[in-house]
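Open the model in your viewer and keep the selection tool handy. This tour goes one helix pair at a time.

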Amino acid sequence: MLNVGKIDEGFVLDHIPAGMSLDIYKYLHLDKLDCTVAIIKNAKSNKLGKKDILKVECSVDVLDLDVLAVLNQGITVNVIKDSVIVEKKALELPKQIRGVIKCKNPRCITSIEQELPHIFTLTDTDKKVYRCIYCEEKFNGKWS
Amino acid sequence: MRHLMRPLDFSVEELNALFDLAKDIEFNRAKYAHACDGKILATCFYEPSTRTRLSFESAMLSLGGQVLGFASASSSSAAKGESVSDTIRTVSCFADICAMRHPKEGAPMVAAAKSKIPVINAGDGGHQHPTQTLTDLLTIRSLKGRLDNFTIGFCGDLKFGRTVHSLIHALVRYENINFVFISPDELKVPDYIIDELKEHNIPYEEVISLEEHIGELDLLYMTRVQRERFFNEEDYVRLKDFYILDKKKMEKAKEDMLVLHPLPRVNEISVEIDDDPRAVYFDQVQYGKYVRMALILTLLDIKVD
């Protein structure tokens, strides 16, 4: 059994569907943070069978985690301070996603002007529909 | 300062005011002949267009203003890699208002965000073409006398046809409009538009045969299958002649049904029906100029007594 130690301050992202942790690592831009990150893959889970877990040791204000809701609303977020869970954060669909997902429409202006930020807005909360603010193309759920 | 990016940028009341102004221009041309003296319209066209660009230029010239601009990306700094944002910042120094056409969707919106002058979306890829919509609405209002209570058929390329998308968006705000979408499976209306109709409980049908449904229609909006929207020439050739409106089909249409078309036509409307009084696509062109004159005055906030 693999043991990963406790963190003093940061997040534990639990119940990540197995195999999705590296995607989350990428979309939260964790590679750009100078902090300790533990990626646990294929941990046993009563609920999911197998799951991934991410532990991120950083200030709790650093990350915007709502984008996780777009990926999978089943992910649970535990906020840790002084080595104890101080909050189980509920994920809400963000009104806008900026610089995380890319518009795949080859006719979109973002396909030729590289410096433009890729921005999607939530146009249908029930169906979790996000559309590119420029061309209104629907985000197709494919993150890469 | 206001821009026009989408047909819904104007409320129904604002559109009514715009159409009233266009009507006044139609019947009192001399009154508006110097309304834009000293003003300059920039036409920034990154892809070829005859009708829209000339319509904008004619509209500004008829208001007493002047025009400058470019008619293709190759004759602008875009050929050197200049961004739309930088181009509009430059154009803002030379003109009072800009009409922009761009093959990439959302480009005029990017321009508007950085512009110091009103920007009019004159067509962005397969996305929106609001001034064509204003033209279509003015044509329908002028010739039908109303913008509600009718069944409208859209026929042809409903997937890439931006004029279709824009007109549907505009018409959903009026009462009791029934939509009949007539297209081959490959060129059906995009899902986001269908979602919007469902959301507002607006009746629509998606069918393939024009002949079987033409008799139900009060208005028929024909479109061209556009070569420039296809990545694959083979698909274009297969679909371009799918619908041809001719005398035989028109015999099944109501006597007061109107045929609209954003033009240019290729062969989807046979020339044999051009003299049919129900064929109003060339009247549309004239209304297009009046509505662009009204739009320029409105965005420049120029009142004529």
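Below are the stops, with what to select at each.

This is a predicted model: local features need pLDDT of at least 70, side-chain atom pairs count only at pLDDT 80 or more, and totals for chains, interfaces and linings use all residues. Residues are numbered from 1 along each chain as its sequence is written, and chains are lettered from A, ligands numbered from 1, in the order in which they are written.

**Stop 1: α2(B) and α11(B)**

Select residues 51-62 of chain B, helix α2, and residues 281-299 of chain B, helix α11. They pack at about 55°, with axes 8 Å apart. The two are therefore oblique to each other (not under 35 degrees, over 145, or 65 to 115). Their crossing is right-handed (the near helix is turned clockwise from the far one by less than a right angle).

Now show the contact residues (C-beta atoms, placed from the backbone, within 7 Å). On α2(B), they include F56(B) and M60(B). On α11(B), look for V285(B), G288(B) and R292(B), among others. This contact divides into 6 nonpolar, 4 polar and 3 charged residues (Ala, Val, Leu, Ile, Met, Phe, Trp, Tyr, Cys and Pro are nonpolar; Asp, Glu, Lys and Arg charged; the others, Gly among them, polar).

**Stop 2: α1(B) and α11(B)**

Keep α11(B) and add helix α1, residues 12-27 of chain B. What is the angle between α1(B) and α11(B)? About 120°, with axes 8 Å apart. The crossing is right-handed. L18(B), L21(B), A22(B), I25(B) and E26(B) make the α1(B) side of the contact. Opposite them, α11(B) offers residues including Y290(B), M293(B) and L297(B). By class, the contact has 10 nonpolar, 1 polar and 1 charged residues.

Notes:
Axes are lines fitted to C-alpha atoms, for helices over the stretch in contact, and angles run from 0 to 180 degrees between N-to-C directions. Helices (H or I, at least four residues) and strands (E, at least two) are DSSP runs, numbered from the N terminus. Two residues are in contact if their C-beta atoms, placed from the backbone, lie within 7 Å.
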